[in-house]
Amino acid sequence: MDFNLSKEQSLIQQMAREFAEKSIAPAAKQIDEESKIPEEILAGMAELDLFGIPFPEEYGGADGGYDGYVLAMEQIAKVSGGVAMTMAAHTLGLGAISAFGTEEQKKKYMIPGCKAKHIVSFAFTEPGTGSDPKQITTTAVKQGDFYILNGTKRFISNANYPGAMVVFARETESGEVTAFILDKWAEGYSISEPWEKIGMHGGQLLDVYMKDVKVPADNLLGKIGQGFPILLLGIALGKIGTSTAALGGTLAALEEASKYAREKTHRGQPIAKFQAIQLKIADLAIKYETARWLCYRLGCLANDIKDPGKFAAEAALVKAYCGDNVVDAARIAVDVHGSYGLMRDYTIERVYRDAIIGPEIEGVADMQKLIVASSILRSKG
Amino acid sequence: MAGILIYSDKDKLARELLTVAGLIADARGWEVKAACINNARQCQLLSAAGARVYQIENPAVLPADAANVAVALKEACGKLDCSIVLLSSDRRGRELAGRLAQVLGAGCLTDISAVKVEGEQIHCQRNALGGATVATQYIDGEKQVLAIVPRAFAPAPDRDGGSIDELQVEVPPSRIKLLEFQAKDSSSANIEEAPVLVVAGQGLNSQEDLAAVESLAQKLGGELACSKPLATDKKWLPEDRVIGLSGKKCQPDLAVLLGISGQVQFTVGIRDARVIVAVNSDENAYIHQMADYSMVADLHQIVKELNDALA
Amino acid sequence: MNVVVAMKQIPDLQQIRIRNRQPVLEDIPWTMGAIDKNALEAAVQIKEAQGGKVVLLSAGNEELEDTAKEALAAGADEALLIIDDKLDEMGSAEIAKILAAAIQRIEKIDLIIFGEGSGDNYSGQVGSRVAEILGLPQVGYASAIEVQGESLRVSRSLEDGKELVEIGLPAVITVISGINEPRIASVTQILKAGKKPKEILDLSDLALDLGEICPVKTESNLAPESDRKRVAVKSVDELVAALKGENLIGR
C-alpha cells in the first residue's frame with residue numbers, strides 16, 4: 001500500500017489548483033451572486049480536459065481515470081461548488097454513455113462532451129419519484145424508427161446547456177424503465193427557470209418538460225428494460241462527483257478557518273493562539289483527511305468496476321460520509337469566524353451554503369446508509 | 001607578478017570594483033589593473049582612483065556582445081598577466097562572467113555581496129537556495145572570475161598613482177548587431193538608489209490603493225516598490241519596481257513593507273535595508289520576524305493614518 | 001526550427017525549512033525551476049510559429065525522469081536527460097560541459113534557450129558557458145524573441161534600458177520571467193508526458209573532457225542571521241516616533 005501520488009497525479013492536482021486559483025477563484029463570488037458560470041471559465045476548463053478526465057482518448061477523453069478526476073475536481077470544488085456541480089453532473093452523464101453506449105453513440109455524444117462543446121445531463125428524478133425509480137411516469141412510445149417521449153423531469157443539472165441528456169422513461173410496449181440519449185433543444189424539449197437554491201450557485205437545477213420529443217431508436221441506451229442497472233451505475237458514478245465536491249468544500253473550510261484564525265486578532269493576539277480555536281482547526285484537518293482518502297480510494301475503485309452492486313455500496317458509504325462531513329466542517333469553520341462567518345464578505349459564508357447541498361443531492365444521507373447496511377447484512381446473511 | 005583586472009561597462013560600478021580589487025590586491029601585494037573598452041571617460045575616472053588603466057579602443061568590441069568582450073578581456077588578462085577578473089554583477093556583467101570564465105578556464109562566482117581574503121582563498125558571500133541561505137564560497141584555483149553585486153561596496157575614492165596605457169586587442173567580427181538602445185527615461189524609478197522604499201505586496205486590495213501608498217513614499221522622500229506578483233501577475237506596477245530574487249536587491253535606509261508575507265524570494269531583495277518596518281494583518285506572517293518595527297494591522301488603514309501624520 | 005531548452009531540476013523552494021540556520025532538504029520534492037518554464041514557453045511558441053521541435057535538456061539526479069514530465073507536459077517534444085546522482089555535487093563549469101557535450105549529440109540545433117538563472121543558485125553562468133563551449137553567439141535577458149529567417153531579433157531588458165539586437169542562428173538565448181506567461185498543461189498533456197520520446201544518458205555515455213576547471217568550494221551555507229529589533233508597534237503615532245528616533249523622518 002502506497003499513499004503517495006504519482007508524478008502525473010500530482011501534476012493533475014497542481015494544474016487544477018493553478019487554474020482554480022487563477023481563473024475560477026476571482027470569479028467565484030460573481031458566480032455565486034449571478035448563478036451563472038462565465039463562458040471563459042467553461043472554455044478554459046475544456047482546454048485543460050477537465051470535462052473528460054476519466055474517459056478514453058478515442059472518445060475525446062484524457063484517459064486520466066476517476067482518480068485523476070477526483071484530484072482535479074477537489075481543487076475546482078474548493079473554490080466554487082457551482083462549477084464543481086456542473087462538472088460532476090456532466091461527468092456522470094458521460095459515464096453512463098461510456099459504460100452502456102454503442103460505438104456510434106459514444107462517438108457521437110462523448111467526443112463533443114469530453115471537449116465540453118456539449119455539457120451533459122442525467123435525468124432520472126421526476127416530481128413524483130423521490131429516489132424510487134419504480135415511480136417513473138415519463139413514457140417512451142415506439143413509433144417507427146423513433147421513440148416519442150413525454151413527461152417531466154425535476155432538478156436536472158446542466159439542462160440549460162446544449163448537449164446530450166441521458167433520460168429514463170417507461171417504454172410502453174414492455175412497460176420497463178429504459179434509458180435514452182436525448183438531444184437537449186430537440187423539438188418539444190423545454191426547461192423551467194432554474195430553481196433558486198441555497199448554495200452551489202452556478203450549478204443550475206432545472207425542470208425539464210418533454211412534449212412529444214422524437215428520439216431516434218438508435219438513441220436507446222443499453223437495452224429495453226435495462227434502465228435499472230444503468231441508473232444504479234450512473235448514480236454510483238455520480239456519487240464520486242458529489243462526494244468530491246463535498247471534499248473540496250471541506251478543504252475550503254479548513255483553509256478559510258486557518259487563514260482567519262491567523263489573521264483575526266483578539267486583544268492583540270491572533271485567535272490561532274487560543275486552544276479553543278486550535279481544537280477546531282484540528283477537527284477540520286481530521287475531517288478533511290478522512291474524506292480525502294475515502295474519495296481518492298473511490299476514484300481508484302471506479303477505474304475498474306467489477307461488481308456494480310459492490311461499487312454502489314462503496315460509493316454510498318463515501319457519499320454518506322462526505323456529505324455530512326462537509327456540513328460539519330463548514331459549520332466549524334463558520335464558528336471559527338464567529339459572526340463574520342455569516343457575512344457575504346467572507347468566503348466561508350458561501351462555503352457553508354454550498355456545503356448544505358452535499359447531504360441532500362444524489363440521494364439523501366439516510367438513503368446512502370440504507371444501501372451500505374443492506375450490502376453488509378445481505379452479504380453476511 | 002600576477003595581477004587582478006577589473007571591468008565593467010558602467011563607470012560607477014567600475015569604481016566599486018576598484019574597492020573590492022583593492023582588498024584582494026593589498027592582501028597579495030598585487031596591483032589593480034582596469035580594462036576600459038571604448039570608454040575614454042571611464043579611463044580618466046579609474047585612473048583618478050589610482051588604477052592602472054588599460055584603454056582598449058576597438059569598435060568591434062561591443063558591450064552587447066558578451067562573446068567578443070570575453071575574447072578582449074582574455075587577451076587583456078594574458079598581456080597584463082592577470083589571473084583574477086572582477087566584473088559587476090548587473091545583467092551585462094553576469095552574462096559576461098560565465099562566458100569569460102569559460103574562455104579563461106576559470107572558476108566563477110556571481111552575485112557576490114561580500115568578500116574576505118582568507119590566506120590563499122577569496123571567500124565570497126552570495127545567496128543560495130533562492131535566497132533562503134547565504135553561502136560562503138571560494139574558487140579553488142588560480143583563475144577566477146568574480147562578479148560583484150552593484151552597490152555592495154562603496155566606489156573607490158580618488159587616489160594618486162593611476163595611469164592610462166593603450167592596449168591592443170584583436171577580436172573576431174561580432175555576430176551580434178545592435179539595432180537600437182532605448183535608455184530608460186529619467187522619470188522611471190530607480191529604486192536601488194532611493195534612500196526610502198515603500199513596498200506594496202499582495203495584501204494591497206486594489207490598484208486604486210496604490211495612489212495612497214505612492215503618496216506615502218513621496219512624503220517619506222522615497223520611491224514606491226512592489227513584490228513580484230504585483231508587477232507580473234496583477235500588472236499594477238512596472239517590473240523595474242520589483243524587489244526580490246529576480247527583481248532588484250536594494251539597501252535603503254528605510255523600507256516600509258506593506259502587506260508582504262515575507263517569502264524568501266522577496267526578502268532576499270530587501271533584507272539589507274538599515275531599518276525595516278512591516279505592516280501585515282497576519283500576525284504569523286514571516287515578515288514580522290525580519291522587521292525592526294512591525295504592526296499587525298490593516299495596511300490600508302495604516303497608510304491613511306501615516307499619510308495624515310506626515311502631512 | 002529545432003530548439004533546445006535547458007532545465008535545472010531544483011528542490012521546491014517553497015517547501016525548504018530552516019532549522020538552526022541550516023536548510024532542511026530531506027523529503028523536499030524536486031521540481032522544474034520557475035524561469036525554466038518561461039524558457040520552455042518561449043521555445044514552444046517559436047516551434048508553434050516556425051515548425052520543428054523542442055528538445056528538453058537537463059542533467060540531474062534520479063528524480064529527473066519524473067521532473068522532466070513537467071516540461072514534456074508543457075510542450076517539449078522530447079527529452080535528453082543526463083541522470084547521475086553525482087551531478088548534484090557539480091558546479092556550473094562541469095554542468096556546462098556536460099550539457100554542451102549532450103547538445104553536440106543532437107542533430108541540427110538552431111537555438112538553445114536557458115532561463116536567466118536557476119531558481120536556486122541563480123548564478124546565471126551555465127548559458128554563457130555553454131555558448132562559449134559550442135562557439136555560439138549569445139544574447140542574455142531576452143524579453144522578446146522574434147524569428148526572422150536565419151536570424152533572431154531579440155529585445156533584451158537591462159537595468160538602464162532596453163536593447164534590440166539581431167543575432168544569427170544558431171545561438172544561445174537566456175530569457176527573463178517577464179517574456180511570457182507559461183501555459184498550464186492539460187490533463188492529456190500531463191498523461192502523455194511520460195510517453196514522449198526520451199533518451200537517458202549517464203555521465204559515462206558522454207565523451208567528456210572536463211579539462212581545466214577551478215571548482216567552486218562551499219565553506220558554509222546558512223540562513224542569514226537576523227539582528228532586527230522586532231519591536232511590535234501598536235499605533236501609527238508610536239511608529240512615527242520610532243522613525244524619528246532613527247532619524248529617518250523629520251530630518
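Q: How far apart are the C-alpha centres of domain 1 of chain A and domain 3 of chain A?
A: They lie 20 Å apart in this predicted model. Domain 1 of chain A covers 7–114, and domain 3 covers 228–380. Domain 2 of chain A is 121–226.

Q: What makes domain 1 of chain A and domain 3 of chain A count as being in contact?
A: Contact asks for heavy atoms within 4.5 Å. Here 25 residues of domain 1 of chain A are in contact with 30 residues of domain 3 of chain A.

Q: What area do domain 1 of chain A and domain 3 of chain A bury between them?
A: About 2100 Å² is buried, 68% of it on carbon and sulfur atoms. Tyr66(A), Glu74(A) and Lys78(A) supply 27% of the area that domain 1 of chain A buries against domain 3 of chain A, more than any other three residues.

Q: Why is the pair Glu255(A) and Lys78(A) called a salt bridge?
A: The cut-off is 4 Å between a side-chain nitrogen of Lys or Arg and a carboxyl oxygen of Asp or Glu. The closest N and O atoms of Glu255(A) and Lys78(A) are 3.0 Å apart, so the pair qualifies. The rule finds two salt bridges across the interface of domain 1 of chain A and domain 3 of chain A.

Q: Which elements give two or more residues to the side of domain 1 of chain A that touches domain 3 of chain A?
A: They are α1 (7–34), α3 (65–79) and α4 (81–100) of chain A. α3(A) gives the most, with twelve residues. By kind, the residues of this side divide into 14 nonpolar, six polar and five charged.

Q: How many residues does each chain give to the contact of chain A and chain B?
A: Chain A gives six residues and chain B gives five. The area buried between chain A and chain B is about 450 Å², with 48% from carbon and sulfur atoms. In chain A, Arg262(A), Glu263(A) and Pro270(A) lose the most area to chain B, together 70% of what that side buries.

Q: How do you know that Glu283(B) and Lys273(A) meet in a salt bridge?
A: Their side chains meet at 3.4 Å, N to O. The limit is 4 Å, so the pair of Glu283(B) and Lys273(A) passes. The rule finds one salt bridge across the interface of chain A and chain B. On the side of chain A that touches chain B, the residues divide into one nonpolar, two polar and three charged.

Key: Residues numbered from 1 in each chain as written. Chains lettered and ligands numbered in written order. Predicted model: local features only at pLDDT ≥ 70, side-chain atom pairs only at ≥ 80, totals over all residues. Heavy atoms only, no water. Buried area = accessible area lost by both parts, 1.4 Å probe. Nonpolar A, V, L, I, M, F, W, Y, C, P; charged D, E, K, R; others polar. Domains from an automatic or database assignment. Helix = DSSP H or I, 4+ residues; strand = E, 2+ residues; numbered from the N terminus.
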